[in-house]
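User: Please take a close look at one part of this structure, the open sheet, and then place that part in the wider picture of cores and helices.

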Amino acid sequence: MSLLEVEHIKIWDGRTGNVLIPDSSFQLSQGECLAIVGESGSGKSLTCKALMRLNRPEIRQSGRISLYGVDLASLSDKEMRRYRGRRMCMIMQNGMRAFDPSRPVGAFLLEVLSIHYDWSRSEMIASLSTAMISVGLKNFSVVMERYPHELSGGMLQRVMIALAIVMEPDVIIADEPTTALDAVTQYEVVEQFVHLRGRIGSAIVFVSHDLEVVRRIADDVLVMKDGVIVERGKTSKILNDASHSYTRFLVSSKEALRRYYMQLMEGTDVAKG
Amino acid sequence: MKLFDRFLKDRLAVASLAVVAATLLIGLCAPLIAPHPPNEVNLELRFASASWTYWLGNDHLGRCILSRLIYGIRPSVLWVLAALGAAAFFGAVLGFVAGYFRGRTDAVLMRLCDVMLSFPGYVMTLAIVGMLGAGLTNILLAFVVMKWAWFARVIRTTVMQYADADYVNYAKVLGIGHLGIMKRHIAPAALPEIAVIASSAFGSMILQISGLSFLGLGIEAPHAEWGMMMNEARSVMFTRPELMFAPGLAIIVVVSSVNFLSDALQKALDPKLVLSGKRASILNGKILRGLRKKEAA
Amino acid sequence: MLLKVESISKSYRRNGWLGGERHQVLREVSLEWKKGESLGIIGESGSGKSTLGRLLLGIEKPNQGSITWNGRPITDRRVRRGTISVVFQNYVSSIHPFYTVRQALLEPLKHVGGQLGTKDMTELLCQVGLDESYLNKYPHELSGGEAQRVCIARAVASVPQCILLDEAISSLDGSVQMQVLELLKQLKETYEMGYIFITHDIQAAAYLCDRIMFVRGGEIVETVETTQLRHVQTEYAKELLHKVLS
């Protein structure tokens with residue numbers, strides 16, 4: 001059964017009339033991971049934020065977004081707020097910009113939980129600590145007391161994932177979560193996402209421009225260019241045998257680099273150029 | 001310039017600019033515009049009401065109120081502007097040095113500013129006037145002493161934001177000297193903000209000098225000054241209210257215009273609108289939107 | 001012609017200068033860079049590589065040790081002129097917001113006494129894949145890839161001995177990254193320029209650099225010729241290289 005159905009979303013700039021995304025439709029089932037790939041300016045982030053209705057006020061949207069049959073676009077702001085966090089969680093690219101900079105991370109997390117749940121403080125701390133330990137943040141109490149700027153990007157991503165684990169939403173939208181991280185941390189955060197899929201049955205929408213990450217985590221892929229979905233399909237098909245020329249272009253863009261590196265590491269003679 | 005065009009579209013801004021400019025101009029050309037000498041005493045015309053020769057009537061010493069109003073622009077507005085300029089200049093120099101060099105220099109200068117700022121403004125002014133005696137120059141000196149520390153602090157913050165930017169780092173790598181960087185890289189970016197700060201301080205300084213003159217601590221008689229004119233009209237406040245109205249209204253109009261102008265300037269320089277990419281893109285990395293996550297929750 | 005780093009250490013005080021702990025960012029780091037060489041410095045975030053970059057550029061002073069260029073200290077402004085240039089990660093804020101591209105390209109030359117006519121500037125822009133129409137644009141009118149290419153053109157304009165690239169391509173799209181790397185490789189051959197390429201992307205560094213240095217926790221863990229990359233000794237380097245492979 002489709003968990004999330006997006007039908008004919010159109011996004012445009014209210015001030016200039018510029019159409020950013022003419023017509024996008026896709027769907028997601030429970031437990032599935034859909035990756036949206038494309039270069040900057042392709043409209044991936046706009047689409048994600050449109051699902052949560054979090055675009056800037058000048059950005060208008062139309063179309064149907066139904067979560068378990070309920071059209072999110074028709075909800076009032078107040079009702080939408082109850083959906084966000086509880087039913088739909090968003091994990092953002094830049095951890096430091098996602099958290100309130102003036103408060104320790106812990107205080108913020110507890111507040112979020114208290115808005116959506118009626119648990120006691122000790123219950124909240126208990127579930128948060130379990131979640132954090134499972135994402136690899138062992139010094140739970142230390143992390144809770146730190147301010148966002150005192151934690152590294154990777155740690156902040158893990159905190160956001162831990163929050164998603166506790167909230168157990170129906171849909172998790174991850175907007176370029178690994179882009180701002182270095183290679184090693186990227187690897188670890190992607191591992192966390194893979195585990196997340198196993199633990200809770202949420203559907204995941206994973207936006208990225210890094211195809212290697214997509215390869216590891218996604219079931220299906222949507223390729224976007226200039227606001228339009230140019231191709232969609234199973235991950236293996238898209239990455240190995242794409243139909244659209246743009247997709248092939250994306251897949252091969254760092255091919256030369258990868259090949260060179262493989263040759264270096266495998267010890268075959270490296271051809272110049 | 002884009003800035004100018006948007007500024008001109010705001011009618012209130014244009015009106016206030018016109019008022020302020022006119023005021024300054026009239027004050028500068030006072031001898032040419034004023035119908036009568038401001039200090040000319042004509043006791044037979046004591047408290048005369050408006051007439052064709054004396055458009056606003058005469059005060060308790062028979063002096064022409066209109067002329068006094070016009071000459072009053074000089075101390076009330078023009079000299080205040082000069083004091084503002086001096087305070088802003090000293091503050092800017094110190095603010096730039098502190099914000100750019102940081103470290104110990106910054107710490108020492110800021111502690112100095114803190115000391116100056118810990119004295120309440122009016123008390124400080126009164127103390128200085130008390131020590132040096134009343135008079136225009138002493139009051140203006142007091143203003144400069146009072147305000148430079150405030151300017152230094154605010155300008156320092158602005159400079160700090162830009163001194164960290166990558167384009168400044170790049171200039172440093174190139175080997176451009178500190179003075180060159182401050183002049184060409186930081187000043188142009190910081191100047192608009194300094195203009196806004198200065199214009200917002202202008203209004204309050206005009207009020208202060210008028211206030212002090214009203215209390216009798218300002219400019220000495222017989223010089224014309226709006227606050228003092230109001231003080232002199234106090235005794236006949238109920239019988240001849242118009243003697244208070246003229247200077248009072250003048251103060252209200254000029255200060256309001258200055259404040260509207262300052263607001264308009266601030267709106268015109270709003271990073272989200274005008275320098276839509278320029279400033280926003282530098283500061284973008286520093287503007288944290290923690291509220292978004294809260295909304296997402 | 002060389003850059004010599006002798007045992008530099010750098011620490012920062014947290015929480016103001018009257019108290020707070022000292023956070024050691026670099027510990028006794030030494031390295032050498034020769035003319036025309038392309039050196040990669042690989043490290044994760046927090047490894048101290050960015051601080052190392054700033055010290056190498058002379059815009060910050062180490063607490064201990066020295067950095068010299070042909071024997072003269074790099075913190076001396078005059079030494080830096082014409083010798084070293086830089087491309088930062090944040091391309092948009094790297095260009096003076098009130099400068100046009102033309103003015104930005106001219107900036108490095110003012111101090112080396114060079115001249116750059118419109119024809120030369122156009123050629124420079126063409127080499128980085130842009131064209132003449134960009135000369136009068138402002139930084140905020142450029143896209144990420146375009147701005148970064150302007151920064152590279154600018155760095156090349158004065159033909160320095162060495163260009164330091166501090167995570168210069170990490171925030172670009174994949175295809176643009178590839179273009180920029182190709183460009184850098186080409187420029188290296190044309191101008192005999194050396195690079196110091198600070199990044200966390202090993203594949204990119206392997207592509208561009210002759211020598212790779214692994215940094216971790218403020219120390220140099222290992223240095224290896226790129227051709228010998230598969231023969232790294234330390235556990236850390238091995239782990240890093242294999243994480244990328246998987």
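Analyst: In this predicted model, a good place to start is a single pair of residues: A:Glu5 has A:Ser66, in β4 of chain A, as its bridge partner. That pairing belongs to a longer contact, since strand β1 (residues 2–13) and strand β4 (residues 59–67) of chain A are joined by 8 bridges and run antiparallel. Strands of a sheet pair through backbone hydrogen bonds, either parallel or antiparallel. The open sheet around this pair has 4 strands in the order β2-β1-β4-β5 (chain A), and the pairing is antiparallel. Its edges are formed by β2 (19–29) and β5 (70–71) of chain A, each of which has a single partner strand, so one side of each is left without a neighbour in the sheet.

Turning to the cores, the largest nonpolar one has 156 residues, and B:Ile186, C:Tyr195, C:Ile196 and C:Phe197 have the most contacts inside it. Helix α4 (residues 65–101) of chain B gives the most to this core, contributing 18 residues. A second core, separate from that one, has 77 residues and includes A:Ile11, A:Ile65, A:Met88 and A:Ala203. As for C:Ile196, beyond residues up to four places away in sequence it touches C:Trp33, C:Leu39, C:Ile41, C:Leu56, C:Cys162 and C:Leu164.

Among the helices, α6 (residues 121–132) of chain B allows a check of geometry: at 1.5 Å a residue its 12 residues should span 16 Å, and its end C-alpha atoms are 17 Å apart, which agrees. After α6(B) comes B:Gly133, with a positive phi near 95°.

Terms used: Residues are numbered from 1 along each chain as its sequence is written. Chains are lettered from A and ligands numbered from 1 in the order in which they are written. This is a predicted model: local features need pLDDT of at least 70, side-chain atom pairs count only at pLDDT 80 or more; totals for chains, interfaces and linings use all residues. A nonpolar core is a set of buried Ala, Val, Leu, Ile, Met, Phe, Trp, Tyr and Cys residues joined through C-beta atoms within 7 Å. A residue is buried if 20 or more other C-beta atoms lie within 10 Å of its own, exposed if 12 or fewer, and partly exposed in between; C-beta atoms are placed from the backbone. Helices (H or I, at least four residues) and strands (E, at least two) are DSSP runs, numbered from the N terminus. Two residues are in contact if their C-beta atoms, placed from the backbone, lie within 7 Å. Two strands pair if DSSP finds at least two bridges between them. The expected span of a helix is 1.5 Å times one less than its number of residues.
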